[in-house]
Amino acid sequence: MAELLDRRTLNSKTFEVAQGKLRLECHMRPVHVPADYAAWKRGEKVDLKDADLALRPDVSTGKWKLGDAFYDLELPEDAVGYNYLSKSGGWVRVKLVELDGNPVGIAPAPKQKNNRITWENVAKDFHCYIDTGIDSVALFKRLESDQAPRSIVWEIEESDPQPLHLNINTLGWDNADFLDPVRAQVRPVAGRRRRWVEVDGADP
């Protein structure tokens, strides 16, 4: 089964499964990005390619950078957070600055796996991670015990005007919910908590 690349749209893939028989896969969110974003914004026809959502160290700058999506993303040095820059304009900077009334020191080195970056043990039993999507990024915090910080301050800066959508949500559950598919459907519950800050741009 081969994908027909010339039939790609932002939200779909088409495959030839047999002679004269095609399969169309449609998605609610984009699965492709323009090979030339500027030309695409001008309305020109451009090739579409699969997104690259992995964050990697850039040896030339010493910063972590996103592969290819509808935005550019960098990680600040020695801090938990990110700098989000939409390719259509607008930016958001998110940074962890205070835990239980104390300034956050130098953050531990982030660890990368696929489209997730994790900062482990930012404080006792306190971890953070970000997940990158093709048109959005989400930042989570995880509290492992009642010894983890309870007062958490983020510094959030946005461009003016603000063309991006910034969502701040809180949802809680304990570790048993991650392992039990039945319990996992019942949320929120008392216990360990996660909180996320999600940003998505105006495009596509």
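# Salt bridges, ring pairs and strand pairing

Asp131 counts as buried, at 18% relative accessibility. That value, like the others below, was computed from a predicted model. The partner of Asp131 is Arg116: the two residues form a salt bridge in which the closest N and O atoms are 2.7 Å apart. Arg116 belongs to strand β13 (residues 116-123) and Asp131 to strand β14 (residues 126-132), so the bridge ties together parts of the chain that are 15 residues apart in sequence. Arg116 is partly exposed, with a relative accessible area of 34%. Asp131 falls on the buried side because its 18% is under the 20% limit.

Elsewhere, Glu3, Arg8, Lys13 and Asp50 are joined into one network by salt bridges that share partners. The count of salt bridges in the model comes to 13. Within the network, Asp50 bridges to Lys13, with 2.8 Å between the closest N and O atoms. Asp50 lies in strand β5 (residues 48-50) and Lys13 in strand β2, so this contact ties together parts that are 37 residues apart in sequence. The two ends of the pair can be described by their accessibility. Asp50 is partly exposed, with a relative accessible area of 40%, whereas Lys13 counts as buried at 14%.

Strand β5 also supplies a residue to another bridge. The side chains of Lys49 and Asp68 meet in a salt bridge, at 2.6 Å from N to O. Lys49 is in strand β5 and Asp68 in strand β7 (residues 63-68), so the pair links distant parts of the chain, 19 residues apart. Here the acidic residue is the buried one: Asp68 has a relative accessible area of 14%, while Lys49, at 32%, counts as partly exposed.

The strand that carries Lys13 leads to the sheet at the start of the chain. Three strands form an open sheet in the order β1-β2-β3, with antiparallel pairing. Strands β1 (2-3) and β3 (21-26) stand at its edges, and each has a single partner strand, so one side of each is left without a neighbour in the sheet. In such arrangements, strands pair through backbone hydrogen bonds, either parallel or antiparallel. Two bridges join β1 to strand β2 (residues 12-18), and the two strands run antiparallel. Ala2, for instance, has Glu16 in β2 as its bridge partner. A charge also sits over a ring in this model: Arg23 lies over the face of Phe15, at 5.5 Å from the ring centre.

Further along the chain, strands β8, β9 and β10 are connected by hairpins. Strand β8 (residues 71-75) pairs with strand β9 (residues 81-86) in the antiparallel sense, over four bridges. Asp72 has Leu85 of β9 as its bridge partner. Five residues separate the two strands in this hairpin, and Asp78 in the turn has a positive phi of about 60°. Strand β9 is then joined by five bridges to strand β10 (residues 91-99), again running antiparallel. For Tyr82, the bridge partner in β10 is Val94. The hairpin of β9 and β10 has four residues between its strands, and Gly89 in its turn has a positive phi of about 110°. On the side-chain level, Arg93 lies over the face of Trp91, at 4.0 Å from the ring centre.

Aromatic contacts add a further set of links, and the structure holds five aromatic pairs. One of them joins Tyr37 and Phe70 edge-to-face, with 6.1 Å from centre to centre and 75° between the planes. Tyr37 lies in helix α1 (residues 37-41) and Phe70 in the loop between β7 and β8, so the pair ties together parts that are 33 residues apart in sequence. Both rings belong to buried residues: Tyr37 has 11% relative accessibility, and Phe70 has a relative accessible area of 3%. Tyr71 and Tyr84 form a stacked pair, at 4.5 Å centre to centre and with 15° between the planes. Tyr71 lies in β8 and Tyr84 in β9, so this pair ties together parts that are 13 residues apart in sequence. Tyr71 is buried, with a relative accessible area of 1%, and Tyr84 also counts as buried, at 2%. Returning to Tyr37 and Phe70, ring pairs link these two residues with Trp40 into a cluster.

Methods
Residues are numbered from 1 along each chain as its sequence is written. This is a predicted model: local features need pLDDT of at least 70, side-chain atom pairs count only at pLDDT 80 or more; totals for chains, interfaces and linings use all residues. Side-chain values use heavy atoms; hydrogens and water are left out. Two strands pair if DSSP finds at least two bridges between them. A salt bridge is a side-chain nitrogen of Lys or Arg within 4 Å of a carboxyl oxygen of Asp or Glu. Buried means under 20% relative accessible area, exposed over 50%, partly exposed in between (1.4 Å probe, protein chains only). Rings of Phe, Tyr and Trp (its six-membered ring) pair if their centres lie within 6.5 Å; planes under 30 degrees apart count as stacked, over 60 as edge-to-face and the rest as tilted. A charge sits over a ring if NZ of Lys or CZ of Arg is within 6 Å of the ring centre and within 35 degrees of the ring normal.
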